[in-house]
Amino acid sequence: MKIFIGHDSKYPQATAVCMKSIRDNGFTGHIDILDKKELKTKSIYNRQDIKGESTEFSFTRFYVPLLANYEGIAMFCDNDFLWRCNPEELLSYLKDNDIAVVKHKDYEATGTKMDGVKNKSYPRKNWSSLVIYNCSKLKHLTKDYLDKASPSELHELRWAKTIGSIPIEYNCLVGHYECSDAKALHYTNGGPWFDKYKNKEKSLAWWTVYENL
């Protein structure tokens, strides 16, 4: 399995901690970061930027099958994840589906998150924050389609014919769920790299990895 981590150039420490937490839990395979600027330079990513995108990887995540040459299995996760297990555990949940995700229940998002970004509500919110791709089944995710598809079509995963289910402990939304037994913490509201959240729930776990970079 290959792993791709969403990357935002404003917060490289989040990406670094996410990657280290994966390595610390025994994953020895390929890990790459989705750097939107680099993907644009290589003419892989040609979507028009949209005002209000919460991160630089809002849409680069959907290019993973293309970047994997539509071969094998690939995982994507946001960079605000902290792993407490080897992500290869997730392979058993893909089965013969196009993708597998944690199927969070819809909830009403209010206020702002991160550094003042509006917290938007939409169907299947947070489903695309962790995706296991069966790349050979996703050849219809061409560059032309990905460059032009609507945000709702992509994030609501309308392009996937079958979606496997991953247990919630692999994408435990800090501040929304009880995460004491989580296999992966997801600081979806904002992680400790933001002043507002540096001493909030589960921040010590993140700082412990950060201090050992």
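Cys-172 and Cys-179 form a disulfide, with 2.0 Å between their sulfur atoms. I begin there, and I should say at once that the model before us is predicted. The structure holds 1 disulfide, and both of its partners, Cys-172 and Cys-179, are buried. The torsion about the S-S bond of Cys-172 and Cys-179 is about -95°, so this disulfide is left-handed.

Let me turn to other cysteines. Why is Cys-77 not bonded to Cys-18? The closest cysteine sulfur to that of Cys-77 is the one in Cys-18, and at 3.7 Å it is too far for a bond, because a disulfide requires the two sulfur atoms to lie within 2.5 Å. Cys-77 is nevertheless buried, its relative accessible area being 0%. For Cys-85, the closest cysteine sulfur belongs to Cys-77, and the separation of 11 Å is again too far for a bond. Cys-85 also counts as buried, at 5% relative accessibility.

I come next to the nonpolar cores. The largest of them has 29 residues, and those with the most contacts inside it are Phe-62, Ile-99, Tyr-133, Leu-157 and Trp-159. Which elements each supply at least two residues of this core? They are helix H3, residues 64–67, together with strand E3 at 73–77, strand E5 at 99–101 and strand E8 at 130–134. Apart from this core lies another, of 20 residues, which includes Met-75, Cys-85, Val-102 and Tyr-170.

Phe-62 deserves a separate word. Leaving aside neighbours within four places in sequence, Phe-62 is in contact with Tyr-133, Leu-157 and Trp-159, and also with Ser-128, Leu-141, Leu-146, Leu-154 and His-155.

My last subject is Asp-78. This residue is found in the loop between E3 and strand E4, the latter spanning 81–83. Is Asp-78 buried or exposed? With a relative accessible area of 8%, Asp-78 is buried, because the term applies under 20%. Which residues does Asp-78 touch, not counting those up to four places away in sequence? They are Ile-5, Cys-18, Phe-57, Arg-61, Ser-128, Ser-129 and His-186. With one of these, Arg-61, there is a polar contact between side chains, at 3.1 Å. Asp-78 and Leu-130 are 52 residues apart in sequence, while their C-alpha atoms are 6.8 Å apart in space.

Two residues recur in this account. Cys-18 holds the closest cysteine sulfur to that of Cys-77, and Cys-18 is also touched by Asp-78. Ser-128, for its part, is in contact with Phe-62 and is touched by Asp-78.

Technical notes:
Residues numbered from 1 in each chain as written. Predicted model: local features only at pLDDT ≥ 70, side-chain atom pairs only at ≥ 80, totals over all residues. Heavy atoms only, no water. Core = buried A, V, L, I, M, F, W, Y, C linked by side-chain atoms within 4.5 Å. Buried < 20%, exposed > 50% of the residue type's maximum accessible area, 1.4 Å probe, protein only. Helix = DSSP H or I, 4+ residues; strand = E, 2+ residues; numbered from the N terminus. Contact = heavy atoms within 4.5 Å. Polar contact = N/O pair within 3.5 Å; in protein donor to acceptor, adjacent residues only side chain to side chain.
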